[in-house]
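Here is a quick walk through one model, with a few spots worth a look on screen. Have the viewer open and follow along.

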Amino acid sequence: MKEKQLFFCRECGTEVTKWQGQCPGCKAWNTLVEAPAGQAAKLKSKAVTYSRLKAAGVQQAKKPLNISDVKTSDDERIPVGLDEFDRVLGGGLVPGSLVLVGGDPGIGKSTLLLQTVRLLSKKGIRTLYVSGEESERQIKMRADRIGDFGDEMLLFSETAMGEIIRAVEEVQPVVLVVDSIQTVYEESVDAAPGSISQVKEVTGTLLQLAKSRNITIFIVGHVTKEGNVAGPRMLEHMVDVVLYFEGDKTAMYRLLRGVKNRFGSTNEVGVFEMQNCGLVEVPDPSAYMMQGRLEDEAGSVVVCAMEGTRGFLIEVQALVCRTSFPVPRRTAVGTDHNRVNLLMAVLEKRIGLPLGDCDAYVNVAGGMKVSEPALDLALVAALISSHTGKAFASDTIFFGEVGLVGEVRAVSQAERRVAEAVKTGYKTVVLPESNKEAVIKGGNLKLDGVKLVGIKHVRDLGGLA
């Protein structure tokens, strides 16, 4: 008898019996894919999974616990030793957590995790690195470039879920790395490795293994061309922490971004530089990203952007020139080009800047991608500076949101942004007037000669250049 086929949505995991153009769950188009999911296979898969976990010494909870009887402590976290990594994780590894690390091929996911298990093994913490893409010899060749490893670091090249559980039972690691989730398969599921059925089943087994044995498990996930982790969208809902490793492979740095974290704040960012010896931390990203900036150049300004609780000083460049084509060209790298078009329309309408027949090119230097509203004022300043040919003072930074009538609105975490400017040595901060009053009233900052310039409308920028 032919096994029943179901269709799964890649985005939300909704199951339907026949193919449809639109998912009935999340309303996304062309996201349904076919996968075998017969009832017998499901029952067999669950039975095999539970029997394996039981054989591995995993004990299920016997009864519900009163929440007041559950003891927690900050001492339970295990610091990795990479300050940038620990920052994103919220202070270190939490035993019993399942962490998903995603990113483009070649961005450095495996290198980051290899460095992580190296530091843990040096502390005497037993780790097991399971690779389905490389042999032990290939991993060793890459590890030799990173440094010496402790005796508690163990390698295992395997893709069968049953063999991985057997190895965990034998080794009893504190930290387990599975690279990658798309290569591991459950024998009882009649589907190819990397398919939705396999990814769901393997992730569920690893989740049960992490919670029951109280070990930290890292799983590496490939990403699609849209930038999302391949597989069902529910994969991100199943895990405790979702980390994305970002950055252009040709750029000088990498960003580790926390998208989801059940044990700490989200949207935290760690900055690394890829070198021959692996990933090196960048403790002061602002000074690092300002390297090579030319001073007193028209069209170049500095903005203080926030990533989580951390401030970054980033250079924003604009080039405005007359066009010989009927339709001007507008290009933006590192920010939304629609936002650039909107701000150019505000400048033309509210202060009479003739930009309708001009090409405009905007670049956020260093390959950073910034989408927060606080970038608006810096974009406006760079466009005005490039069009007029007048440069703003090189020791000036900008931040603020610009509305459609040209007003400059307050943004969040203004005090942190000003503190970053003070720390880096900038002498003038151009910010919304309401933010200036709040910073002065707060009295928590020693400005040390730093001048705060509050503005209410974009026309006030004319007297600063």
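Which residue just after α10 takes a positive phi? That is Gly389, at about 80°. Keep in mind throughout that this is a predicted model.

## The overall picture

The protein chain holds twelve helices and 21 strands. Of its 465 residues, 48% are buried. The accessible surface adds up to about 21900 Å², and carbon and sulfur atoms own 50% of that.

How about contacts along the chain? Taking those between residues at least 6 apart in sequence, 67% link residues that are at least 24 apart.

## Helix α10 and its end

Helix α10 covers residues 376–388, 13 residues in total. From first C-alpha to last, α10 reaches 18 Å, close to the 18 Å expected at 1.5 Å a residue.

The helix is mostly covered, with eleven of its 13 residues buried. The buried set starts with Asp376, Leu377, Ala378, Leu379, Val380 and Ala381, and goes on with Ala382, Leu383, Ile384, Ser385 and Ser386. Right after α10 comes Gly389 with its positive phi of about 80°.

## Strand β20 and its two partners

Move on to β20, residues 428–432. Five of its five residues are buried, so β20 is largely enclosed by the rest of the structure. On one pairing, strand β17 (residues 396–398) runs parallel to β20 over three bridges, and Ile397 stands opposite Val429.

The other pairing is with strand β21 (residues 451–455), again in the parallel sense, over five bridges. Here Val429 turns up once more, with Leu452 in β21 as its bridge partner. To get from β20 to β21, the chain passes through helix α12 (residues 433–442), and this β-α-β crossover is right-handed.

## The β11–β12 hairpin and Gly278

Strands β11 (residues 269–275) and β12 (residues 278–281) pair in the antiparallel sense over four bridges. Together they form a hairpin with two residues between them. One bridge partner pair to click on is Glu273 with Val280 in β12.

Gly278 also lies in strand β12. Is Gly278 buried or exposed? At 5% relative accessibility, Gly278 counts as buried. Leaving out neighbours within four places in sequence, Gly278 is in contact with Thr111, Gln115 and Glu273. There is also a long-range link to look at: the C-alpha atoms of Gly278 and Gly108 are 8.5 Å from each other, with their places 170 residues apart along the chain.

## Helix α5, Gln172 and a cis bond

Helix α5 spans residues 161–171, and its buried residues are Met161, Gly162, Ile164, Ile165, Ala167, Val168 and Val171. Just after α5 sits Gln172, whose phi is positive at about 55° although Gln172 is not a glycine. Gln172 belongs to the loop between α5 and β7. With a relative accessible area of 53%, Gln172 is exposed.

Where does the cis peptide bond involving Ser180 lie? It runs from Asp179 to Ser180, with omega near 0°. Ser180 itself is in the loop between β7 (175–179) and α6 (196–213).

## Another positive phi: Asp296

Asp296 is a residue other than glycine with a positive phi, near 55°. You'll find Asp296 in the loop between α8 (285–289) and β13 (300–307). Its relative accessibility is 54%, which means that Asp296 counts as exposed.

## Cysteines

How many disulfides does the model have? The count is zero. Cys358 is in no disulfide, and the nearest cysteine sulfur, that of Cys321, is 7.4 Å away. A disulfide would need the two sulfur atoms to be within 2.5 Å.

What about cover? Cys358 is buried, with a relative accessible area of 1%, whereas Cys277 counts as partly exposed at 38% relative accessibility.

Key:
Residues are numbered from 1 along each chain as its sequence is written. This is a predicted model: local features need pLDDT of at least 70, side-chain atom pairs count only at pLDDT 80 or more; totals for chains, interfaces and linings use all residues. Side-chain values use heavy atoms; hydrogens and water are left out. Buried means under 20% relative accessible area, exposed over 50%, partly exposed in between (1.4 Å probe, protein chains only). Contact means heavy atoms within 4.5 Å. Accessible areas come from the Shrake-Rupley method with a 1.4 Å probe; for residues, only the protein chains shown count as cover. Two strands pair if DSSP finds at least two bridges between them. A crossover is right-handed if, with the strands pointing away from the viewer, the path from the first strand over the helix to the second runs clockwise. The expected span of a helix is 1.5 Å times one less than its number of residues.
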